[in-house]
Amino acid sequence: MLAAECAWAILRAEHVRTRELLARLETAMKAGGEAGVRQRARSAIEAIERLQAFEETTHRPKGVVMLNMLRGRSSEADGLLDQLDSESERCSGLLAQAKILLARAESGDNTGADVDADALLRQHRQLMSAHLHKEDTLLHSHTALLLSPEEWAAVVSSISKEVGAARKRGHRRSPLRGQVSKPAG
């Protein structure tokens, strides 16, 4: 089960990185005084984009093969996977909504967009923290029980391939706020 422990060591290290990025985002939202609303909004948008890039090009791709192998093994595991998928979608939606509000605040909208964004980001942080805990505990338990050593070897060998493909997709994005660039030609 060395492959399993190696895979989980990588995933847990990435959870630590995700928590660090969440803390940076929280710090950006708390910046006050001289910075002003516009600068705070710009800093928060940049922190959100770093978090989104990490999730899309580094963390999520590593679990693709593992989650696909786990699906269909037990109704309990399938329920957990559905719950985790739903939470991931909710987290992505909260970040997207917050980013829109922060862009308004950055452009000078004084209707409290930054306050509304802060509320969304607090919800996101709580949901993401619970989500990471479920991955570290419940998902880890299910994978330990349901995946064979051979399947774990396939999971570990797939990690670099999946991350490489995700990074290629990420490089096709414009550096400006995660917009997808149009193909040349």
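1. In this predicted model, residues 24 or more positions apart in the chain make up 78% of the contacts that have a separation of 6 or more. The chain has 185 residues, of which 39% count as buried.

2. The secondary structure amounts to 5 helices and 0 strands, and the order of elements from the N terminus is accordingly written α-α-α-α-α.

3. As regards the pairing of helix α1 (residues 2–30) with helix α2 (residues 36–70), their axes come within 9 Å and cross at roughly 165 degrees. Because angles over 145 degrees count as roughly antiparallel, α1 and α2 are described as roughly antiparallel to each other. The crossing in which α1 passes α2 is left-handed, and the contact between these two helices is made up, by class, of 14 nonpolar, 5 polar and 8 charged residues.

4. Helix α2 should also be considered together with α4, since the axes of α2 and α4 come within 13 Å and cross at roughly 20 degrees, and the two helices are therefore roughly parallel to each other. Here, too, the crossing is left-handed, with α2 passing α4. On the α2 side the residues that meet α4 include Val-37, Ile-48, Leu-51 and Leu-70, while those on the α4 side include Asp-114, Leu-121, Leu-139 and Leu-146. The residues of this contact between α2 and α4 divide into 9 nonpolar, 4 polar and 3 charged.

5. Turning to the interior, the largest nonpolar core has 25 residues, and those with the most contacts inside it are Leu-25, Ile-48, Leu-102 and Leu-121. Two or more residues of this core come from each of α1, α2, α3 (75–106) and α4 (113–146). Leu-25, once neighbours within four places in sequence are left aside, is in contact with Ala-44, Ala-47, Ile-48, Leu-95 and Leu-121. A second, separate core has 15 residues, among them Ala-4, Ala-77, Leu-147 and Trp-152. As general background, nonpolar side chains tend to be buried together in soluble globular proteins.

6. One charged residue deserves a separate comment, namely Asp-136, which lies in helix α4. Is Asp-136 buried or exposed? Its relative accessible area is 15%, and because buried means under 20%, Asp-136 counts as buried. With neighbours within four places in sequence left aside, the residues in contact with Asp-136 are Trp-8, Arg-12, His-15 and Arg-19.

How values were computed:
Residues numbered from 1 in each chain as written. Predicted model: local features only at pLDDT ≥ 70, side-chain atom pairs only at ≥ 80, totals over all residues. Heavy atoms only, no water. Axes fitted to C-alpha atoms, helices over the stretch in contact; angles between N-to-C directions. Helix = DSSP H or I, 4+ residues; strand = E, 2+ residues; numbered from the N terminus. Parallel < 35°, antiparallel > 145°, perpendicular 65-115°, else oblique. Left-handed = near helix turned anticlockwise from the far one by under 90°. Nonpolar A, V, L, I, M, F, W, Y, C, P; charged D, E, K, R; others polar. Core = buried A, V, L, I, M, F, W, Y, C linked by side-chain atoms within 4.5 Å. Buried < 20%, exposed > 50% of the residue type's maximum accessible area, 1.4 Å probe, protein only. Contact = heavy atoms within 4.5 Å.
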